Structure formats: structure tokens, C-alpha cells
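Colleague: Please give me a close account of the ligand and its surroundings, and of the space that the protein leaves there.

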Amino acid sequence: MEVQACAKLNLTLDVLGKRPDGYHDLRMIMQSIDLSDRLTLEENGGAGLRVRTNLHFLPNNEKNLAAQAALRYWEARGLPSRGLNITIDKHIPVCAGMAGGSSDAAAVLRALNAVEREPLSPVRLAEVGERVGSDVPYCVLGGTALAEGRGEILTPLPPLPQCWVALCKPEFSISTPALFARIDSVRLRCRPDTQGALAALEAGDLAGVARRMYNVFEDALPDHRRTRVNDVKNLLIQSGALGASMSGTGPTVFGLFDSEECARQARERLLDLGGEVFLARTV
Ligand code: ATP
């Protein structure tokens with residue numbers, strides 16, 4: 001079976017506070033895009049769970065989130081593990097704030113459940129996904145959604161009007177645990193207008209959503225990283241983006257465009273800035 005695993009973007013990301021259990025309460029509007037990995041699942045006649053990817057540094061064993069999803073799926077169904085080869089053709093950049101691994105995991109859950117003729121409801125499938133990672137429930141659902149709690153409390157939203165997305169993953173990586181640690185000590189200069197963005201989604205107002213986008217983790221970046229992120233945002237806005245923001249804990253920065261031509265021009269200009277550059281559409 002072949003399945004597609006879409007990347008996600010955070011249209012908004014707010015951190016509401018730290019909880020007694022050490023996790024943070026989040027409030028985020030999530031959006032799927034067609035930048036995606038392709039997964040092939042094949043039964044291998046009981047030869048165990050094997051993962052192969054085109055990126056040599058990703059785990060090829062049960063540490064891979066796609067394999068973990070298969071194990072959690074069989075566990076939830078009370079079934080023994082089966083022989084399965086999972087081949088992942090990665091296109092979503094790794095450690096980029098676009099939930100690539102979580103999306104692969106969600107794709108495996110959806111595929112196994114489809115082969116078995118949907119014995120688990122979408123809600124149950126999302127619960128199984130939560131045991132693999134906090135972003136997996138959203139990736140099972142996809143589309144436009146509000147994610148709260150650690151990201152597992154989901155409310156489907158009216159779809160973002162279709163648009164073009166230009167993205168740039170700058171050449172550095174950001175440690176997610178380090179950024180969560182910093183967010184408690186920095187003074188947040190700006191918060192996303194989540195309520196306003198939700199109202200704009202209800203009204204089908206793309207520009208209204210785009211101009212309210214913001215990610216509080218931008219304030220927690222070390223100065224030189226924040227400068228780089230701001231350079232990309234400025235370039236996107238100058239190229240005609242309706243709004244621009246960082247996704248997740250970064251470093252990917254994206255802009256939303258209602259014009260394909262402007263999005264393509266933005267992509268060309270981003271190439272001069274360096275890093276990995278993509279053009280995508282919302283799903
Ligand atoms: P998020 O937006 O959910 O924080 P991310 O984009 O920052 O995710 P991922 O690309 O999902 O990060 O990968 C995070 C880690 O998961 C990496 O250390 C990677 O080695 C590991 N990993 C395990 N399985 C996969 C997979 N199938 N694809 C990508 N990374 C994987």
C-alpha cells in the first residue's frame with residue numbers, strides 16, 4: 001500500500017503556560033500542506049518490522065516513528081506484531097518544525113486501519129497516535145484544526161481558503177527542549193491573535209488569517225537566529241506574502257500567498273538567502 005504523509009504548518013502558536021506535569025499548554029492553529037513524504041507498506045511474510053528511508057541518518061528500526069506507529073496500532077488492536085517493510089521516501093525536512101516524523105507515523109496508522117477496513121474510529125486512531133507523539137493526533141486528522149493541551153486536544157476548523165506557500169528552512173537546527181526551556185524565561189513581545197484568526201477562518205478570509213499569524217517561539221530564539229528568521233519573514237512580505245511566520249519550534253519560516261506568481265518569485269528570492277526552499281499548496 002502507498003500512502004502520503006503531509007507536512008504541517010503552525011498558522012499560530014501560543015504557549016499558555018507550564019503545567020505541573022512539566023509539559024506546556026499550547027494553543028495552535030495547524031494547517032496541512034502538500035509538501036509530503038511517500039510511504040510504501042508491504043507485508044514481508046513474518047520477517048519482522050523493517051524501515052528503509054532515503055535519508056541514511058534516520059533510524060531504520062523500531063525507533064523510527066513510522067515503526068512505532070505500527071507497533072502501537074497492533075497493540076491497540078490486541079494483535080501480535082506482523083512482518084512489515086516500511087519504505088519512506090522523505091521530502092519533508094527533518095527537525096524543521098513541520099512534524100515530518102509524526103506525519104509518517106499518522107500515515108502508517110491510517111494505512112493499517114484502512115487495510116483492516118477501519119476497525120478503529122478516527123478518534124481512537126488519534127488516541128493511539130498520541131502514544132507515539134503529541135503532533136500525531138493532528139496528523140491523523142489533517143486539514144485545518146485548532147490543537148490545544150500538548151497538541152492532542154483537537155477541534156476541526158473551517159478549511160483555510162486554498163493558497164500558495166513559500167517555505168524556507170534555514171541551514172541551522174534548533175533544539176526543541178532548549179526552546180521550551182527558554183520560553184519560560186523570556187518576555188513575550190507579541191502573541192498571536194488566535195481568536196481573530198479563528199473568526200477570519202469562519203469568514204473564509206485568507207488575508208485576515210495571514211495577518212494574524214504569529215509564533216511565540218520566535219521570541220525565544222537566540223538573537224542571531226531570530227535575526228535570520230526575521231530576514232526570511234521580511235523577504236516573504238516584500239515578495240507579496242499576506243503574512244509570514246515560523247512553524248513549530250522552527251527553524252522553518254513560511255509565507256502565505258494568494259498569487260501563484262508572487263509565491264514563485266518569493267521562492268526564487270529565498271534561494272539567494274540559502275537553506276532549503278520549497279513551494280507548496282495548502283491541503
Ligand atoms: P515537530 O514539528 O513535530 O516538532 P520536527 O519537524 O521538529 O517535528 P521531525 O522531522 O519529525 O521533527 O523529527 C524529529 C526526530 O524524530 C529526529 O530526531 C528524527 O531522527 C526522529 N525520527 C524518527 N522517525 C522519523 C521519521 N520517520 N521522519 C523524520 N524523523 C524521524
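Modeller: Helices and strands are taken here as DSSP runs, of at least four residues for a helix and at least two for a strand, and are numbered from the N terminus. The model is a predicted one.

The account may begin with the pocket. The ligand sits in the largest pocket, which holds about 1,000 Å³ of space. This pocket is lined by 42 residues, and those closest to its centre are Ala-99, Ser-102, Asp-135, Thr-176 and Thr-249. Two or more lining residues come from each of strand E1 (2-18), strand E2 (24-43), helix H1 (65-77), H2 and helix H5 (176-183). Of these, H2 provides the largest share, four residues. By class, the lining comprises 22 nonpolar, 14 polar and six charged residues.

The shell around the ligand can be described in similar terms. It consists of 20 residues, of which Asn-64, Cys-95, Ala-99, Gly-101 and Asp-135 come nearest. Ten residues of this shell are nonpolar, five polar and five charged. Helix H2 (residues 100-115) gives the most to the shell, again with four residues.

Polar contacts complete the picture. The side chain of Asp-135 places an N or O atom 2.6 Å from an oxygen atom of the ligand. For Ala-99, a backbone N or O atom lies 2.9 Å from a ligand oxygen, and for Met-98 a polar backbone atom is 3.2 Å from an oxygen atom of the ligand. Taken alone, the ligand exposes 620 Å², and the protein buries 77% of that area.

Conventions
Residues numbered from 1 in each chain as written. Predicted model: local features only at pLDDT ≥ 70, side-chain atom pairs only at ≥ 80, totals over all residues. Heavy atoms only, no water. Near = heavy atom within 4 Å. Polar contact = N/O pair within 3.5 Å; in protein donor to acceptor, adjacent residues only side chain to side chain. Areas by Shrake-Rupley, 256 points an atom, 1.4 Å probe, with all protein chains shown as cover. 1 Å grid on protein atoms, 1.4 Å probe; cavity = no way out; pocket = protein on both sides within 12 Å on 5 of 7 lines; lining within 4 Å. Sits in = over half its atoms within 2 Å of the grid points. Nonpolar A, V, L, I, M, F, W, Y, C, P; charged D, E, K, R; others polar. Points joined across faces, edges and corners; volume = space filled by probe spheres on them.
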